[in-house]
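Got the viewer open? Let's take a walk through some side chains, one selection at a time.

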Amino acid sequence: MTNPATEPASAAPDLVARPAAPARRRLSGAVWAALVIVYVVWGSTYLGIRIVVETMPPFVSAAIRFVVAGLVLGALVAWRRGPAALKVTGRQLASAAVIGLLLLLGGNGLVVLAETSIPSGLAALLIAVVPAWVVVLRRASGERPGPGAYGGVALGLAGLAVLTLPGLSGDVRITGVLTVIAATLMWSIGSFSSSRIPMPADPFATAYEMVAGGIGCALVALGRGEHHGFVLGDVSARSWTALAYLIVFGSLLAFTAYAWLLHNAPLSLVATYAYVNPVVAVLLGALVLDERLSWPIAVGGIVVVAGVCLIVSTERRR
């Protein structure tokens, strides 16, 4: 799940964690170019994950992806802006590690695990419900989202119920569906918490989150015994290529574009990737992997995306 405050396999907007740029600023071509990168690249990461896990254990692949991406990002930031750009306090480092574990181990790592048993398009549509969980968490903390947000939550949860039907009917493994739902909860908690604990001020310091999440994935891989019988030579060239794509394009290019957008575009506009990414993922899954688009997936996906649209449009007006 690619997420978001760091980088999202799946992506869900943190509608309250980042300050928005002035909404009336005229949007430049660079803003639209960065937005297209986030739309397309993050939407394609679900396909990339599905191809990686064809021949590579899920948490092993996630560990490699995030540790390598985090180290490369940190090195690039230190090279371009000096080591001071990565300076953080002990509390900020601990907070970054916690958020990295929630987002990248609990959120993205569980999505990678789930995609060993469910289609990439279905995983993306299930992930799209994250903004609804964020609204629920905001309400539980005492905030009062607008009526439209509650309507979006109702639609999102209704769509989520429809999307579970393929698992209940036996068309896909229900454990995979439930694993993605657990991932959405972890990602939502991480996104919601990131604005309420002392995080590093520089968005590119999220390299620490990537490394922490990657180490967490490595530990889970060891606990699951994924290293037993795993031989690098058994990994196909197709899976290596997909993993390289996830590192370079999903974790570095798209994340850089997302971090830049947070400081140069209205947050309400940036948040629209939450309902574009699933559409991209479903189309790519059908075209490249010939994933079947059953009626529960189609109907549930439409309902979920409609709910996300309602939530984002409500936040835009607030």
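Start by selecting Tyr273, which is buried, with a relative accessible area of 0%. Keep in mind as you look that this is a predicted model. Now add Trp42 to the selection: this residue is buried too, and its relative accessible area is 0%. How are the two rings arranged, stacked, tilted or edge-to-face? The pair is tilted, with 5.3 Å from centre to centre and 55° between the planes. Trp42 belongs to helix 1 and Tyr273 to helix 12 (residues 273–288), so this pair ties together parts that lie 231 residues apart in sequence. Bring in Tyr258 as well, and you have a cluster: ring pairs link Trp42, Tyr258 and Tyr273.

Next, move to helix 10 and pick Tyr245 and Phe249. Both sit in that helix, four residues apart, which is about one turn of the helix. Their ring centres are 5.1 Å apart and their planes meet at 25°; planes under 30 degrees apart count as stacked, so this pair is stacked. What about their surroundings? Tyr245 is partly exposed, at a relative accessible area of 28%, and Phe249 is partly exposed as well, at 37%. With these pairs included, the model has four aromatic pairs.

Stay with helix 10 (residues 237–264) and select Arg238. Which residue does Arg238 form a salt bridge with? The partner is Glu54, and the closest N and O atoms are 2.8 Å apart. Glu54 is in the loop between helix 1 (29–52) and helix 2 (58–81), so the bridge ties together parts 184 residues apart in sequence. Colour the pair by accessibility if you like: Glu54 is partly exposed at 39% relative accessibility, and Arg238 is partly exposed at 42%.

There are four salt bridges in total, so let's visit others. Select Glu143, which is partly exposed, with a relative accessible area of 24%. One of its partners is Arg138, and the N to O distance in that salt bridge is 3.0 Å. Is Arg138 buried or exposed? Arg138 is buried, with a relative accessible area of 3%.

Now add Arg196, whose side chain meets that of Glu143 in a salt bridge at 2.4 Å, N to O. This pair links distant parts of the chain, 53 residues apart: Glu143 is in the loop between helix 5 (130–140) and helix 6 (147–163), while Arg196 is in the loop between helix 8 (174–193) and helix 9 (207–224). Show Arg138, Glu143 and Arg196 together, and you are looking at one network, joined by salt bridges that share partners. Arg196 itself counts as partly exposed, at 39% relative accessibility.

Don't deselect Arg196 yet. Which ring does its charged end sit over? Show Phe192: the charged end of Arg196 is over that ring, 3.9 Å from its centre. So Arg196 is worth a second look, since you meet this residue both in the salt-bridge network and over the ring of Phe192.

For the last stop, select Trp79 and Arg80. Here Arg80 lies over the face of Trp79, at 5.9 Å from the ring centre.

Terms used
Residues are numbered from 1 along each chain as its sequence is written. This is a predicted model: local features need pLDDT of at least 70, side-chain atom pairs count only at pLDDT 80 or more; totals for chains, interfaces and linings use all residues. Side-chain values use heavy atoms; hydrogens and water are left out. Helices (H or I, at least four residues) and strands (E, at least two) are DSSP runs, numbered from the N terminus. Buried means under 20% relative accessible area, exposed over 50%, partly exposed in between (1.4 Å probe, protein chains only). Rings of Phe, Tyr and Trp (its six-membered ring) pair if their centres lie within 6.5 Å; planes under 30 degrees apart count as stacked, over 60 as edge-to-face and the rest as tilted. A charge sits over a ring if NZ of Lys or CZ of Arg is within 6 Å of the ring centre and within 35 degrees of the ring normal.
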